[in-house]
Every structure is written in structure tokens, then in C-alpha cells.
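Here is a friendly tour of a sheet and some aromatic pairs. Have a look at the model first, and then read on.

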Amino acid sequence: RLYVASGYRTMSALDAATGNVVWTQAVDVPLRGAPTLAGNRIYVVDIDNQLIAFNTQTGQQDWSYRGIVEPARIMRASSPAVTGDTVIAPFSSGEITAIRATNGQPVWNEVLSRTSRTSALSEIRDIAGRPVISRGTVYAVSHSGVMSALDATSGQPRWSLPIAGVNAPLPAGDVVYVVSKNGELTLVRRDTGQVYWTRDLNENLVRQEGGFLGFFDRTVRPE
């Protein structure tokens, strides 16, 4: 099966071999991100910050959970993450919410939001990168400047850093990699949030005549 969420206000299941439509379910508003499959349900977030759970066999809506409506968002969409019987849903309001997969009841809620006096863009609180669940911890980063590690069971913050991003963090071994919206790659210790180093990925990006951009080795003088 291929499951497709559409901005034309439909959720569909297709036969992966033939492309034939198995079922299509209409929804009230456009769906804004790729669906997540777990067990016998499909989870997807619409543009009004509503998480909807569809039955994979029938297409019927099992339940829904509505977050805070937030019109200001990044022009990209995130997807829910699932661990066991818990769905971790990111919203454009900066909320990250754990919801019981069986009945749609909220388990915990945390807001990743920080207002900056020097940047009006911090008012956009969207969690545009998919939350990542690893070793019982949820890692997520918001556009407004908060990266947090949360206990997957209780939602209790383990640590947070003032990093603004639109991509999912990457846990690997005992560290977590994260790229900020300014193009800085930061290596963080997984359990404490200690920053080991930060590297500007744009440091060798220079502008040529005519407005083109390119990467150059600064140690070599062009002829």
C-alpha cells in the first residue's frame, strides 16, 4: 500500500503495484505533511494543526486531536513520530504533543518557543523538522530558537539549547547532530546537552561576479 496525504483535502491508499485507488477519505482542510504509518493506523497533520488517525484498511477516521491554530508557518511540513502506543506530533504553534495511539488522548504537551528581541522571525514557532525518538528521548527543534530533549514517557525536558532549525536532529551514538537555520552544524552530547563544537557550513561560500554562489578553498589563489 502507498498512503498519500493531499493538499486537495483527501487521504488515499493506493495499490503500490498497480496504482489503483483502494480508498479515499475526504477531510475538511488540506493536509500539510507526509503521513506516518504505524500498526493499523495512518497519522497525518493538517494545516489547522489537527492530528488525524485513519484506519489503514477502511480509511475511516479513528480519532483526531487539535492543537493550537497558528497561521504563521514555514513553507514545508513535518510528520508525526511514533514509539510504541504513543504518537509524537509537531505543530506550527511550537507545540510538541504526545498522544495515545489507541484513543487520541493527550499524554503530555511541551512548547518549544523563544522570543528574540533582535529577530521578528522568532515569532514563527513552527517545528518543521520531524521529531526524532531515540533511547526513550524525543529530540526536536523549532524555528523560534529552541532545541529540546524530552523524556518520551513524561515529556519532562532533559535539556534545551538556543538553536533555531527547520531540519530534524540526528542522534548517533552518544551525540546528536543538528543544523541550524543559519547553516551551522552543532555536535551535542546526547545525555547532557553539552555542546562539543559548532561549524559554520557556509564559511567557504563566496560570491562571484554576476551573483553566482560557489564553494572555494580559501588557501588557493585563483588564476
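## An open sheet

In this predicted model, four strands come together as an open sheet, in the order 4-5-6-7, with antiparallel pairing. At the edges sit strand 4 (36-38) and strand 7 (61-66), each of which pairs on one side only. From one strand to the next, the twist averages 20 degrees.

If you would like to look at one pairing in detail, try strand 4 and strand 5 (residues 41-45): they run antiparallel and are joined by three bridges. Ala38 has Arg41 in strand 5 as its bridge partner.

## Tyr3 and Trp23

How many aromatic pairs does a search of the whole structure find? The search gives four. Among them is the tilted pair of Tyr3 and Trp23, with 6.3 Å centre to centre and 45 degrees between the planes. This pair links distant parts of the chain, since Tyr3 belongs to strand 1 (residues 2-6) and Trp23 to strand 3 (residues 21-26), 20 residues apart.

Are these two rings' residues buried or exposed? Tyr3 counts as buried because its relative accessibility is 16%, under the 20% cut-off. Trp23 is buried too, with a relative accessible area of 7%.

## Tyr139 and Trp159

Tyr139 and Trp159 also form a tilted aromatic pair, at 6.2 Å centre to centre and with 45 degrees between the planes. Tyr139 is in strand 13 (residues 137-141) and Trp159 in strand 15 (residues 157-161), so the pair ties together parts 20 residues apart in sequence.

Both partners are buried: Tyr139 has a relative accessible area of 1%, and Trp159 has one of 7%.

Definitions and conventions: Residues numbered from 1 in each chain as written. Predicted model: local features only at pLDDT ≥ 70, side-chain atom pairs only at ≥ 80, totals over all residues. Heavy atoms only, no water. Pairing = 2+ DSSP bridges. Helix = DSSP H or I, 4+ residues; strand = E, 2+ residues; numbered from the N terminus. Axes fitted to C-alpha atoms, helices over the stretch in contact; angles between N-to-C directions. Phe/Tyr/Trp six-rings, centres within 6.5 Å; stacked < 30°, edge-to-face > 60°. Buried < 20%, exposed > 50% of the residue type's maximum accessible area, 1.4 Å probe, protein only.
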